[in-house]
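Trainee: Before we look, can I quiz you on the vocabulary? I'd like to hear what earns each label.

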Amino acid sequence: MQLGRRDSSRRLLGLVVAGVCVLSTAACGGGDDSSTPTPASAPPVAGPAPAPAPPTGGLFTPPPQVALTVNDVQQVIAQAVGEAQARGLASDIAVVDRVGNVLAVFSMTGAPTETRFSSVTGDGGNDGDTALQGAMVPNAAAAIAKAITGAYLSSGGNAFTTRTASQIIQQHFPPAPTTVGLESGPLFGVQFSQLPCSDLSQRFLPSGGVSAFIGPKRSPLGLSADPGGLPLYKNGVLVGGVGIMGDGDYGFDTNILNVDQDDEEAIAIAATQGFAAPTTIRANQITVDGTSLRFSDIDADDIGPVQNNFAAINGTQGALLSVTGYTNGTIIAGTAYGSEASGIRAATSGEFGNSDAFILTDGAGNNRFPIRGGTDGGAVAQPITAAEARAILEEAFAVLSRARAQIRRPLDSRMQATISLVDTNGQILGIVRSPDGPIFGTDVSLQKARTAAFFSNAVAGDELLATPSVPNVTDIPSYVTNTRAFLGDPQALTGTFAFADRSGGNLSRPFFPDGEVGRPNGPFSVPIDQFSPFAVGLQVDLVLPNLVQHLGFVASNGASADTPQRCTQVPEFSPGQNRLQNGIQIFPGSVPIYRNGQLIGGIGVSGDGIDQDDMVSFLGLNNAGVRLGGALGNAPPDIRADRIEVDLGNTRVRLRYVNCPFAPFLDTAEQNVCEGL
């Protein structure tokens, strides 16, 4: 499969940025808002007053309800501008709160209006133009994506940055010239989540209203791997993120073994002074497979004297920016996570039985995704009932509550994550989360649930074959023909096998088996000489038209239409509804759900470690089946994807289904808890 078609994606995205005013400053108006911008010192638009975090009496303690004030945002911006001036790098500076509301974007005089996606390709190549490689996009959009990444990947137990993200999404972990031959990063593919087309992620509402500040908000570019995005903490509580974009290159760090002197990262470090992540929970305090993660290559000693006078730089060094679809060019205060106004709060006893659970709400007190039965009665003999959906979510949450976290400090903290349940249509039957689960896992858990249900469905191959392609850019049907040839199975993707996300992820790597140099790429991936975090294959090709449409909307100040709140162009099962409405995910943490050998749905988990995510979905579903008397459960062993062997000529390689931690629980020394199920 050759999806390279040189310069095609550059031309495609170039159409939406060439010859138009990309962004406008607050002083000039613009954006998609008809209201007159208010001064930077104006009070924030009021939402429902945040309430103190309720005591649950359970196993988790919700984070305190703390938020950035307008003065805080001004301080963050002024500190960033001061360091940017000292380094001579005019930049765009974006600040967001924990649920992704854009609190401000400040554009320094001389900052670029566009930035370019890196063209660095897999294992040292440097001339890729597949998918997003080489594309030009609005500079402020990249800054927002960085800020959201810093906020969404972090929590009260871990502080991750865009440099951390770079380390965990590449084709080898850790990424370095000396590590070629190792498997891919644990969150390989997470960059294509929080997409601007997602039906879960919320959108900026310039008109305000009770739901104006609920999250999680979307990101214009998904999650970022370009250094310069950091989380913000206030009195030790995660309150948001800051992103810096000024060098015109939106890339990633291919060599974690050296120390970079990155100006954007230094500016971000300066921005966080007074709001820095606690040192005890930074990424460099957390290990994965024996490797310490990276927080930053810059520390406070590398920056100059802090400038924190916003009045001294506003209007002289730059101005607040209106970014269509994200901010109207004013500064607003952040929303306190855990409050009704934030869209994520503690569940009531009527909403979910476990007192520790949090849910997503509409800002007016209503659960956005109440537990319900399946909508797929026309295709499934016995859809999941509401009572069964509740049992699955409760049992999965019980497993989560007992599990030891992988990426959280202090050691032996409880796992925190989000759990999503869907039917075979990809319709949401319920979403619950622990109080401090990282926000990125909300959208990702839904992607995972839908991905497992979709690729296990009898219609998967037909729907992909019927998905329209973009000439010389994407060719979705070829992934089906290549998969059938690769597996030696003309019936592949017709429901004959059950695919967990770990299984589909095996097929999505640029080497098969994962990391083994010299092997062919998996059939859902592009070859290694075309691969990068911006060009992974099927995952990005499914959503590329949506990304292009959205970036055109941003770049044209709303003159062109925004992407629908529905990702992918797979066929609709009903008007306006398809099975992959927030894209697919290709790292582990989901399984399909079966009743008497028939697919009836999928469950996805995302938060504190991919093996933990696998265990919560797999073991939680098993326990729900036992509780319900065997009415439903995991796929029968003889149809699980780990029964598939791929003939590579000189060897045969079996796909994987799930990996559970060896001794995962805090309340027992039980081992191999998934074995034999």
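Mentor: Sure. Let's start with one residue: Thr 115 is in contact with Ala 135, Met 136, Val 137, Pro 138, Asn 139, Ala 142, Met 245, Gly 248, Asp 249 and Tyr 250, leaving aside its neighbours within four places in sequence. Contact here means heavy atoms within 4.5 Å. Keep in mind that this is a predicted model, where local features need pLDDT of at least 70, side-chain atom pairs count only at pLDDT 80 or more, and totals for chains, interfaces and linings use all residues. Residues are numbered from 1 along each chain as its sequence is written, and side-chain values use heavy atoms, with hydrogens and water left out.

Trainee: Why is Thr 115 called buried?

Mentor: Buried means under 20% relative accessible area, exposed over 50%, and partly exposed in between, using a 1.4 Å probe and protein chains only. Thr 115 has 0% relative accessibility, so it counts as buried. Thr 115 sits in strand β4 (residues 114-117); strands are DSSP E runs of at least two residues, helices are H or I runs of at least four, and both are numbered from the N terminus.

Trainee: What polar partners does the side chain of Thr 115 have?

Mentor: One of its polar atoms lies 3.1 Å from the backbone oxygen of Gly 248. There is also a distance of 3.3 Å between a polar atom of that side chain and the backbone nitrogen of Asp 249. The cut-off for a polar contact is a pair of N or O atoms within 3.5 Å; within protein, one must be able to donate a hydrogen and the other to accept it, and residues adjacent in sequence count only if both atoms are side-chain atoms.

Trainee: What is the expected span of helix α7, and what does it reach?

Mentor: The expected span is 1.5 Å times one less than the number of residues. Helix α7 (residues 386-402) has 17 residues, which gives 24 Å expected, and it reaches 25 Å from first C-alpha to last, close to that value. Among its buried residues are Leu 393, Ala 396, Phe 397 and Leu 400. Those four also touch Ile 419.

Trainee: What makes Ile 419 stand out in the largest nonpolar core?

Mentor: A nonpolar core is a set of buried Ala, Val, Leu, Ile, Met, Phe, Trp, Tyr and Cys residues joined through side-chain atoms within 4.5 Å. This one has 200 residues, and Ile 77 and Ile 419 touch the most other members. Helix α12 (residues 538-555) gives the most to this core, with ten residues.

Trainee: How are packed helices described?

Mentor: By the angle between their axes and the distance between the axes. Helices α2 (residues 70-87) and α5 (residues 263-271) pack at about 145°, with axes 7 Å apart. The residues that meet include Val 76 and Ala 80 in α2, and Ala 266 and Ile 267 in α5.

Trainee: Which peptide bond before Pro 174 is cis, and what is its omega?

Mentor: The bond joining Phe 173 and Pro 174 is cis, with omega about -5°. Another cis bond runs from Arg 409 to Pro 410, with omega near 5°, and Pro 410 is in the loop between α7 and β15.

Trainee: Why is Asn 557 called buried?

Mentor: Its relative accessible area is 19%, and the limit is under 20%, so Asn 557 is buried. Its phi is near 55°, a positive value in a residue other than glycine. Most residues other than glycine have a negative phi.

Notes. Axes are lines fitted to C-alpha atoms, for helices over the stretch in contact, and angles run from 0 to 180 degrees between N-to-C directions.
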